Amino acid sequence: MSWWSLAGIAAVVGVGTLALVMLEELVAGQRPAPGLALRRAGVLLRRPIDRPWAIDAWLYHLAPPLLLSSAVLALAMVPWAPGFRGLDFNTGAILFSAALAYVTPAILMAGWSAGRPLSVAAGFRFLAMMLAYEMPIVMAVTAAAAPAASLRPTYIVEVQAAVPMAVSQPLAFALFVPAVMAVAYIRPFDLPQADSELGGGAFAHYSGAHAAILGLAHKVLLLAAAGMTAALFLAGWHGPWLPEWAWMPVKTAAVAALMLWAGRRLPRFEIEGLLSFAWKLAIPAAIGAIAWAGLVTLLFYR
Amino acid sequence: MVVPDPAIWAASGVDVRGLGLDPRSNPAEADLLVVPERVPEELVAAIAGLRCGLPNPAARRVLPGAPLGGSSAAHLDGSGEIPEEHEERRDGGDGDHSEDDGDEDMMAVTGEPSADGLIMEQARAVVGPLGAALPTGLILELELDGDVVSEAQISSALSIPAADEGPADPLAAQSYEWALARRVGAEPLEPATVVLHLMATELERALSHVMWLARFAGLLGWLDLTERLWAGAAPLIGWRSAPRESLSEIDAAATEPLADCLASLLDGKRLAGRTRGLATVESGTCAELGIGGPIGRAGGGQEDLRSGDAAYRALEFSPVGRERGDAEARCLLRAEEALAALRLANAAQRAGELPHENGPVEGPRGPVAAPPIDGARPPVAGDSAAVEATRALAARSAVGRELAPALAAVASFDLSPWGAIL
């Protein structure tokens, strides 16, 4: 890991977040206005942090930076090009899901600090969702890692030079995408916020710089989720016609657009249905995906 | 933050979304508080509380009009400053949750196991009177056993305005005006005037149902449908503020995007996941409690005053009905009625003349009856019974459910915040 890697990750956060804001507006059928988004961020940053009365100050102030840190750490595991591989740890694929796990205490802290029932309920909703969907993520990652015989994201990308994992392991892919959306609370899995139901949920009392950090963290989570999906299942930087450095941004944008489009077109899921699906269907199916991965590895990758 | 909710503004012919506003349900995310010139006194404290929740600096914008009726002026200070009695809420405390409770821990358990045998914490949550999930004025008080509703109660912050202040419900104003014109003893209307009244009533029905659908879709987090419904309702909102006589000139093609949106909702399956089997009400229950309107028709009831009305018979009207009586049936029935209302308005426009008949009018939420021509507005007790019964039914439907389906169950009834269907 070098300072250049860290600078590159910071650049990805900045450019990627702005690109996602424009993509979100495009998906909503609006004209992209990056200037407006930057002005809005500036307004939020200049606004004072208005901590409501009778809340837990420590948890209130710690939650947004913890959320942003976990999002940036998850993004740092995504390999973008042969020359820019993020942190590129040997266990990077699992560290990605470990980083996402820290979203849970951040949201719990945010909800708890508000001290109001709906915010606390939002925090615990997310905890239940996280416990249920973190396992399919880890199992799908394991399935994707099996042919590469490594948890290093760049090796998993390299082994997809001929066939993407989405084709050789469609079940793992089909489980990974909604699971990672759930853990990153992307619509229609936005249960911890649920604006219309819980009036902002766990983040109801944040304003000013904290609100800006929470908004940034959410965008970075989306970027990380889409980027890792592209890396683990869509062959990363491999592809025809375009140079290698262009494929990951294109694929990430496509996956993010699909997630945003689904989020607009579907009603928010209910927690009971989500948990029922996860524990009764997704986790058993993920075990099946691992078995399939073993078979595919034996037949085609050894 | 928009007070009252955007649907009420739409009933007054003001499209707040068309003004470029993006209404939020959380005051901490809002930069601007939009209020009307006059608001009912009962909402002043809630509006002041909302203003407290907006982060500084925040602007307040007053729009002309009084969409909710009522006789009180807004009590917010002209400079936008927070009233003194609410100032303490903005001071940051030291965050100690046990500060007010002595030795009691915030997570103190009651010792009473909940329905599933787990010992959970009891909490109380209040939605409204200015929440996004419910119409302005309605208050839903919930006792939560963990995240499951153990008790629910619905009340209203609003009271019926005085007889000389016009119709109570802005979303049934045209129905009420027609009901006034059809009172026993009133002069019979000209056939062309009947057409205009019928068109206004049906367009109002379409607007009321579409606005309810948009709010319900917003509650479910269904962004695409919410935006499409608002975009499709723009012509209806425009016609609300136009003179009645101009209705004969309206272009039916302007409502085609809305009709397409409603048709796709009726054909699709995405609503079923959140609403099928939720808060089922059988027609027998509705008949017992005297509940008519879309709620009764969604459960197999056939009561629709329009079936026996000469003007509607001339247009070959047939009532829309569903059998299941659940939230999905109520949603789809209102979508179907909105589509049918657009067709009826179009048919009436083409007909040019329709017969007059005295009697109550079928409004968006049920029968709308006007007082006799020589009497004052009737006491609300008779009309309020059905409203109270509906509120009780809606509150019962929330009990035993997790928070999200509980809110959806209550919202599916399209409750009126007024004490009677007037």
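Me: Why is B:Glu143 called partly exposed?
Reply: This is a predicted model, and in it B:Glu143 has a relative accessibility of 25%. Buried means under 20% and exposed means over 50%, so B:Glu143, at 25%, counts as partly exposed.

Me: What makes B:Glu143 and B:Arg124 a salt bridge?
Reply: Their closest N and O atoms are 4.0 Å apart. The cut-off is within 4 Å, so the pair qualifies.

Me: Which parts of chain B does that salt bridge tie together?
Reply: B:Glu143 lies in strand 4 and B:Arg124 in strand 3, so the pair links parts that are 19 residues apart in sequence. B:Arg124 is partly exposed as well, with a relative accessibility of 47%.

Me: How do you know that B:Asp309 and B:Arg182 form a salt bridge?
Reply: The N to O distance between their side chains is 2.6 Å, and the limit is 4 Å, so the pair counts as a salt bridge.

Me: Where do B:Asp309 and B:Arg182 lie?
Reply: B:Asp309 is in the loop between helix 10 and helix 11 of chain B, and B:Arg182 is in the loop between helix 4 and helix 5, so parts 127 residues apart in sequence are tied together.

Me: Why are B:Asp309 and B:Arg182 called buried?
Reply: Buried means under 20% relative accessible area. B:Asp309 has 4% and B:Arg182 has 3%, so both names fit.

Me: What makes B:Glu202 and B:Arg205 about one helical turn apart?
Reply: They are separated by about one turn because they stand three residues apart in helix 5 of chain B. Their side chains meet in a salt bridge at 3.0 Å, N to O. B:Glu202 is buried at 0% relative accessible area, and B:Arg205 is also buried at 0%.

Me: Which residues do salt bridges with shared partners join into one network?
Reply: The network takes in A:Arg125, A:Arg187, A:Asp190, A:Glu197, A:Arg268, A:Glu270, B:Arg274 and B:Glu402.

Me: What makes the phi of A:Tyr185 worth a look?
Reply: Most residues other than glycine have a negative phi. The phi of A:Tyr185 is near 40°, a positive value. A:Tyr185 sits in the loop between helix 9 and helix 10 of chain A, and at 1% relative accessibility A:Tyr185 counts as buried. B:Ala279 also has a positive phi, about 55°, and is found in the loop between helix 8 and helix 9 of chain B.

Me: What is omega for the cis peptide bond that joins B:Gly128 and B:Pro129?
Reply: Omega there is about 0°. B:Pro129 is in the loop between strand 3 and strand 4 of chain B. The bond from B:Val3 to B:Pro4 is cis too, with omega near -10°.

Me: How do the lining residues of the second largest cavity divide?
Reply: Five are nonpolar, two are polar and four are charged. Cys counts as nonpolar and Gly as polar, so B:Cys261 falls in the nonpolar group and B:Gly268 in the polar group. The elements giving two or more residues to this lining are helix 6 and helix 7 of chain B. The cavity holds about 90 Å³ of space.

Methods
Residues are numbered from 1 along each chain as its sequence is written. Chains are lettered from A and ligands numbered from 1 in the order in which they are written. This is a predicted model: local features need pLDDT of at least 70, side-chain atom pairs count only at pLDDT 80 or more; totals for chains, interfaces and linings use all residues. Side-chain values use heavy atoms; hydrogens and water are left out. On a 1 Å grid over the protein atoms alone, a cavity is a set of points where a 1.4 Å probe fits but cannot get out, and a pocket is an open set with protein on both sides within 12 Å along at least five of seven lines; lining residues have an atom within 4 Å of a point. Grid points are joined across faces, edges and corners, and a volume is the space filled by probe spheres set on the points. Helices (H or I, at least four residues) and strands (E, at least two) are DSSP runs, numbered from the N terminus. Buried means under 20% relative accessible area, exposed over 50%, partly exposed in between (1.4 Å probe, protein chains only).
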